Amino acid sequence: MADDTAQPGNVPHRGLVLLVEDERSIADLVRLYLTRDGYGVHVEHDGDAGLAAAQRLRPVVCVLDIALPGLSGTEVCRRMRAGGDWTPVIFLTARDDEVDRVVGLELGADDYVTKPFSPRELVARIRAVLRRTGGPPDGAERPRVVGPVTLDPVRRQVTVAGDPVQLTSTEFDLLAHLMGRPGRVFTREELLASVWGYAAHSGTRTVDVHVAQVRGKLGPAADVIRTHRGVGYACVG
């Protein structure tokens with residue numbers, strides 16, 4: 001049975017978070033912290049119900065446990081993306097396994113938190129994801145063009161030779177950051193801090209996976225992002 005803290009006539013100002021977590025003690029704690037921070041929280045405890053809630057409620061962000069009864073969190077995310085739903089997704093997992101993290105990111109997740117975690121950290125990660133999806137700051141509205149790639153910060157759209165490219169919010173912000181200063185080489189640590197909003201100890205492999213995903217989606221224009229071995233990445237000048 002679902003739990004929902006959003007009450008009629010009292011919609012939290014930060015929007016609705018969908019939390020899909022089968023461990024009820026964790027779900028209750030996370031819900032408490034999110035509610036205190038001004039979010040509405042809808043809780044489901046299995047993957048099938050979580051996917052249905054994502055489709056029905058259109059939350060601002062989905063927090064998905066990986067190991068769920070029924071559909072796994074990764075399968076929920078895969079089906080969302082296959083259906084054209086690019087709502088930001090943050091995965092929760094009890095395993096500190098790089099393979100799991102990479103698979104999750106390749107499916108289109110925006111972030112990844114390993115249990116046990118601080119509820120405050122999760123709230124901070126959610127804030128960071130939503131900041132990235134809230135549109136560009138004032139003065140950053142102009143479309144950016146590099147070769148056949150055009151990035152529109154206002155509409156948050158990317159095209160290659162006029163054809164639209166579907167990027168997750170994090171993939172979009174990574175590409176926007178690189179295209180914002182063509183020719184500038186950014187270290188993985190700089191990108192992690194600027195795009196994800198947290199320190200390098202969180203693991204720079206996240207950056208590599210997202211760059212690979214962006215390149216794959218850019219197709220023939222993938223070479224607009226250059227690898228500088230041992231340093232980081234740059235957009236061609």
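Buried, as I use the word here, means under 20% relative accessible area, and because Cys-235 comes out at 1% relative accessibility, I enter Cys-235 as buried. I note at the outset that what I am reading is a predicted model.

**Cysteines**

I looked next for disulfides, a disulfide being a covalent bond between the sulfur atoms of two cysteines. My count came to 0 disulfides. For Cys-77, which is in no disulfide, I find that the nearest cysteine sulfur belongs to Cys-62 and lies 8.6 Å away, and since a disulfide calls for sulfur atoms within 2.5 Å, I leave Cys-77 unpaired. Cys-77 has a relative accessibility of 0%, so I list Cys-77 as buried.

**The sheet with E11, E12 and E13**

I traced an open sheet of 3 strands, whose order is E11-E13-E12 and whose pairing is antiparallel. Why is one side of E11 and of E12 left without a neighbour in the sheet? I answer that strand E11 (186-187) and strand E12 (225-228) stand at the edges, and each has a single partner strand, so one side of each has no neighbour there. Between E12 and strand E13, which covers residues 232-235, I read antiparallel pairing over 4 bridges. Following one residue across, I find that His-228 has Gly-232, in E13, as its bridge partner. I then asked what packs on this sheet, and found helix H6 (residues 169-180), which touches E11, E12 and E13 and whose direction makes about 70° with that of E13.

**Aromatic rings**

How many aromatic pairs does the structure hold? I find 1 aromatic pair. The partners are Phe-91 and Tyr-112, which I record as edge-to-face, with 6.2 Å from centre to centre and 75° between the planes. I place Phe-91 in strand E5 (residues 89-93) and Tyr-112 in strand E6 (residues 111-114), so that the pair ties together parts lying 21 residues apart in sequence. I also checked whether these two residues are buried or exposed. Phe-91 is buried, with a relative accessible area of 0%, and Tyr-112, with a relative accessible area of 8%, is buried as well.

**Charges over rings**

I went on to arginines that sit over rings, and I enter two cases here. The charged end of Arg-36 is over the ring of Tyr-33, at 5.6 Å from the centre of that ring. Arg-184 lies over the face of Phe-186, and I note 4.4 Å to the ring centre.

Terms used:
Residues are numbered from 1 along each chain as its sequence is written. This is a predicted model: local features need pLDDT of at least 70, side-chain atom pairs count only at pLDDT 80 or more; totals for chains, interfaces and linings use all residues. Side-chain values use heavy atoms; hydrogens and water are left out. Two strands pair if DSSP finds at least two bridges between them. Helices (H or I, at least four residues) and strands (E, at least two) are DSSP runs, numbered from the N terminus. Contact means heavy atoms within 4.5 Å. Axes are lines fitted to C-alpha atoms, for helices over the stretch in contact, and angles run from 0 to 180 degrees between N-to-C directions. Rings of Phe, Tyr and Trp (its six-membered ring) pair if their centres lie within 6.5 Å; planes under 30 degrees apart count as stacked, over 60 as edge-to-face and the rest as tilted. Buried means under 20% relative accessible area, exposed over 50%, partly exposed in between (1.4 Å probe, protein chains only). A charge sits over a ring if NZ of Lys or CZ of Arg is within 6 Å of the ring centre and within 35 degrees of the ring normal.
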